[in-house]
Amino acid sequence: MEKSMFTALLPILIGGLVIMIIDETNVDENSAFEKLYSSKLYEYLESEETKVWTYSVPLLFSLYQEELATGILELPEY
């Protein structure tokens with residue numbers, strides 16, 4: 001069940017993140033995708049085992065911003 005949820009949610013999460021990147025940083029869509037795809041967050045997001053895909057888009061965007069600002073990706077502990 002989780003694998004199918006992961007497959008279904010990943011495009012939605014990526015789309016939401018790209019929209020937030022565009023809105024918050026005033027870049028075009030291609031640049032937003034490039035920035036996201038080159039991040040450590042995306043590497044974690046595309047790996048089902050990390051469970052990062054279970055995070056909300058606002059939390060993912062916050063983690064993305066933190067990674068950009070510090071160069072470090074720290075995932076919250078639950």
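A contact here means heavy atoms within 4.5 Å. Keep that in mind as you explore this predicted model.

**Stop one: Ser39.** Select Ser39, which sits in the loop between α2 (29-37) and α3 (40-45). Is Ser39 buried or exposed? Its relative accessible area is 8%, so Ser39 is buried, since buried means under 20%. Now show Tyr64 and Glu67: Ser39 touches both of them, leaving aside residues up to four places away in sequence.

**Stop two: Lys40 and Glu43.** Step into helix α3 and display the side chains of Lys40 and Glu43, which meet in a salt bridge at 3.3 Å, N to O. The two residues are 3 apart in helix α3, so about one helical turn separates them. Color them by accessibility and you will find Glu43 partly exposed at 44%, with Lys40 also partly exposed at 35%.

**Stop three: Glu48 and Lys51.** How many salt bridges does the model have? The count comes to 2, and one of them joins Lys51 to Glu48. Zoom in on their closest N and O atoms, which are 3.1 Å apart. Lys51 is partly exposed, with 31% relative accessibility, whereas Glu48 is buried at 14%.

**Stop four: Met5, Leu9 and Ile12.** Finish by selecting Met5, which belongs to helix α1 (residues 2-25). Add Leu9 and Ile12 to your selection and switch on the surface: together with Met5 they make a nonpolar patch of about 250 Å². Met5 itself counts as partly exposed, because its relative accessibility is 36% and that class lies between 20% and 50%.

Terms used: Residues numbered from 1 in each chain as written. Predicted model: local features only at pLDDT ≥ 70, side-chain atom pairs only at ≥ 80, totals over all residues. Heavy atoms only, no water. Patch = residues over 30% accessible without salt bridge, like charges linked within 9 Å, V, L, I, M, F, W, Y side chains within 5 Å. Areas by Shrake-Rupley, 256 points an atom, 1.4 Å probe, with all protein chains shown as cover. Salt bridge = Lys/Arg side-chain N within 4 Å of Asp/Glu carboxyl O. Helix = DSSP H or I, 4+ residues; strand = E, 2+ residues; numbered from the N terminus. Buried < 20%, exposed > 50% of the residue type's maximum accessible area, 1.4 Å probe, protein only.
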